[in-house]
Amino acid sequence: MTHFVPSAMPDEGLGVLLLIRIVEQNTPGFFAPDRPVHVARAPGRLDLLGGVGGGERALALQLPTSEAVCAAVQTRDDEMVRIWSPCRDGARTDRLSVRLGDLGLPDAPIDDQEARAFLCADPRDAWIAHVLGGVLVLARDHRKVVPNGFDLLLTSDLPEQSGAGSSAAVQVATLRAVAHAFGLELDADELVAVCRTIDSEIVRDDLGGLPQRTIVGATAGALAALRGDAGAPEAIAVPDALEFVGLDLGMPIVTATVADAADVAAENARAERFVELLRQPVSPATATELGELMF
């Protein structure tokens, strides 16, 4: 950790560096000084355009962000799991502890209904479902069992409950760090499948895996273009002359609905045109049309 060098993208490097500083400041208070700490990072995403109506050819354009969730995991010798996720506004709890046995691990994992009742009983604690739901699903549905407890620190500069992919980033960062800590092989497709089960069966807030597919396949400085409900995104380079800015208006998240197939076709055509314009030299005319398509 003393040799960490920030990446060429300063915001990305500083996010991990901040996590490492918190680890250092809380050793031995939270982490043991004689065990390795395994770190993973997962960016957020902005839902830019498209993806309406589903279908194998539906094009969704997603923008990975430099804001991200970082996870640090250290294994334990007992079955305790201690989780710390600092909360700036006090809207939720930030420290929770459970036993692996509460999830029926390692031998008899509980089902999704039991997991939902246990993890989501208190709204202030429900965020833990995005953390421990993955450990449960990984063991039960993929036969990849965490044999011991662990200590987990999560830090994030993503706004919560604003559609920026904070929950998906928590899932991905946690699963990557836990898998690395316990030597579990976890490829991109399996990672997304676990996250989709968390959303659809435990949290009951299913976005079809779109945020997770974006996060897992993200390329810095590029839009992620996804088609249908499976597969890795195509990276669409963002010209240097353009910048996307997300504004948090403090409004609740609203899921768009589509009236008929004509609307679906029109939305997909807008997304296709958007990609076509991004691949052209930037001019006032193309920039204006890009803005109009987003609007």
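1. Which residue in β6 is the bridge partner of Ala 60? That partner is Leu 226. A quick heads-up: this is a predicted model, where local features need pLDDT of at least 70, side-chain atom pairs count only at pLDDT 80 or more, and totals for chains, interfaces and linings use all residues. Residues are numbered from 1 along each chain as its sequence is written, and side-chain values use heavy atoms, with hydrogens and water left out.

2. Let's stick with strand β2 (residues 59–75); strands here are DSSP runs (E, at least two residues), numbered from the N terminus. Strands pair if DSSP finds at least two bridges between them. β2 pairs in the antiparallel sense with β1 (residues 38–50) over 11 bridges, with β5 (residues 150–156) over 7 bridges, and with β6 (residues 222–227) over 4 bridges.

3. Ala 71 is a handy spot to look at: this β2 residue is the bridge partner of Ala 40, and Leu 154 in β5 is the bridge partner of Ala 71.

4. Is β2 mostly enclosed or open? 14 of its 17 residues are buried, so β2 is largely enclosed by the rest of the structure. Buried means under 20% relative accessible area, using a 1.4 Å probe and protein chains only.

5. Now zoom in on Gln 74, which sits in β2 and counts as buried because its relative accessibility is 1%. Its side chain reaches the backbone nitrogen of Ala 32 at 2.7 Å. Setting aside neighbours within four places in sequence, Gln 74 has contacts (heavy atoms within 4.5 Å) that include Phe 31, Arg 35 and Phe 150.

Technical notes
Buried means under 20% relative accessible area, exposed over 50%, partly exposed in between (1.4 Å probe, protein chains only). A polar contact is a pair of N or O atoms within 3.5 Å; within protein, one must be able to donate a hydrogen and the other to accept it, and residues adjacent in sequence count only if both atoms are side-chain atoms.
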